[in-house]
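The following exercises are to be worked with the sequence and the coordinates at hand. Each task is followed by a solution in steps.

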Amino acid sequence: MYFDVASTAPLHPVARQALTAALDEGWADPARLYRSGRQARMLLDASRETVAEVLGARADEISFTASGTQAVQLGMLGALSGNRRRGGHLVHSAVEHSSVLHVAERHEAAGGSVSVAPADRAGRVPVDGFAGLLREDTALAVLQSANHEVGTVQPVEEVAGLCREAGVPLLVDAAQSAGRVGVPAGWSLLTASAHKWGGPPGVGVLAVRKGVRYASPLPADEREGGRVPGFVNVPAIVAAAASLRAVRAEAERENARLHALVERIRTRVPQLVPEVEVVGDPVRRLPHIVTFSCLYVDGEVLLTELDRAGFAVSSGSSCTSSTLTPSHVLAAMGVLTEGNVRVSLPYGTAEADVERFLAVLPELVAGVRAPLGLDLPAPGTQGVRPEASGPVTVIDALGKRCPLPVIELAKRIGEVAVGGTVAVLADDEAARLDIPAWCAMRGQEYAGEAPAADYGGDRGAAYLVRRTT
């Protein structure tokens, strides 16, 4: 079962049909005046009209890019350049897609300034916190429509109103929501990605409202309103537009069905699997995404086991990342980053498929945890331990990757009397996130961080945990 449409959706049947037809009729250069060129231009113009209608824009505000990432990059750089006389200040949230963060890093390295709005534990960016960062020299604000990892829907319309009052253009990254739910009002620039809604890969959308100052960061090119240079892929654009219209027509019916299936996963997983944290806003969320994290589990191992069982899912765990760093989204939320699983359901997912997933998950998680020898509480209970004695104060987990420092803590916390303190020495950056998250889940008190040298360590940090139960 393919449960990873948040990464990329299977090609929609309508997209496949449109692509096949457009390969025969739309292969020529749409800028040429001969017959085949005019035919390609007609297909391109019709596709632009379709996309504009679905996104709530004018056709001449729509440009097609090579990807959603490129759309974000060009949108941000172009808006920053167009508003440089106002200032060089950029505002974005802490849970934006990495494409936003990379542009922000480049902007800051070039002498600009960046402010980052925090998110709450549900992944939602507070309106007041975001608006409070706007300044007179703010050239651009960026806020996603919904989060790509946990599905939390952001307060775009409220933020857009405050940005409008401050005279600051707002770029909205709608990659996860476009086609599935309505586009929030108030944006100045909007980006989307066709392969997220079932179109072909290699097509992104950049919409720039009339009147928004925009200066292309690339050399001039007459195509796509001067915003995106190069030859456009007309057949792929035709397929992208056709599938966007198709999925939007299906959305109301399918969203209600998928919302119920996701709600079943959100409810049942903590009942079936001990020590699990379901993350993301339980109410203000996309209908098809659910994310949960399992204590004491290597995310890569769990994803491999799920793949063997026939389920394709993804993860924000550091152990499944090529950089071995925790997901910046989960880190910003302050939730558990280890053993993370993101399930994103495609249109047409059957109830039986979800039930099968729920049937195999507990056994797979138990199998991954089995070698650890942990005494886990029953699902849904706190697992209060009796008071113990014996001054075990230091756990040396230096050189061990998460979740091993947390596993060592879980194994030995019972050796410490209630009220006693444990110092976990660790040099894996994920421990800074996962140990406080473990404390929150297990009802223990996180007492802060201290230099590892204070507890005999030669590197890393000491994470202090006070046993309360």
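Contact means heavy atoms within 4.5 Å. The model is predicted: local features need pLDDT of at least 70, side-chain atom pairs count only at pLDDT 80 or more, and totals for chains, interfaces and linings use all residues. Residues are numbered from 1 along each chain as its sequence is written, and side-chain values use heavy atoms, with hydrogens and water left out.

**Exercise 1.** Determine which residues Tyr455 touches, not counting residues up to four places away in sequence.

Solution. Step one is to place the residue: Tyr455 is found in the loop between strand 13 (445-451) and strand 14 (461-466). Strands are DSSP runs of E with at least two residues, helices are runs of H or I with at least four, and both are numbered from the N terminus. Step two lists the partners, namely Val394, Ala423, Leu425, Ala450, Ala462 and Leu464. Step three takes one of these, Val394: 61 residues separate Val394 from Tyr455 in sequence, while their C-alpha atoms are 7.1 Å apart. Finally, Tyr455 has a relative accessible area of 33% and is therefore partly exposed; buried means under 20%, exposed over 50%, and partly exposed in between (1.4 Å probe, protein chains only).

**Exercise 2.** Establish whether Ser243 is buried or exposed, and what it touches.

Solution. Ser243 belongs to helix 8 (residues 234-272). Its relative accessibility is 0%, so Ser243 counts as buried. Leaving aside residues up to four places away in sequence, Ser243 touches His12, Val14, Ala15, Trp197, Gly198 and Gly199.

**Exercise 3.** Compare the span of helix 2 with its expected value, and identify its cover.

Solution. Helix 2 (residues 35-55) has 21 residues. The expected span is 1.5 Å times one less than the number of residues. The helix reaches 30 Å from its first C-alpha to its last, close to the 30 Å expected. Its buried residues are Gly37, Ala40, Leu44, Ser47, Arg48, Thr50, Val51, Ala52 and Leu55. Their cover includes helix 1 (13-25), strand 1 (62-65), strand 6 (189-193), strand 7 (204-208) and helix 8. After helix 2 comes Gly56, with a positive phi near 75 degrees.

**Exercise 4.** Assess the overall dimensions of the protein.

Solution. The protein has 469 residues, for which a compact globule would have a radius of gyration near 23 Å; the value of 24 Å agrees. This radius is taken over C-alpha atoms, and the globule rule is 2.2 Å times the number of residues to the power 0.38. The C-alpha trace spans about 85 × 55 × 35 Å along its principal axes.
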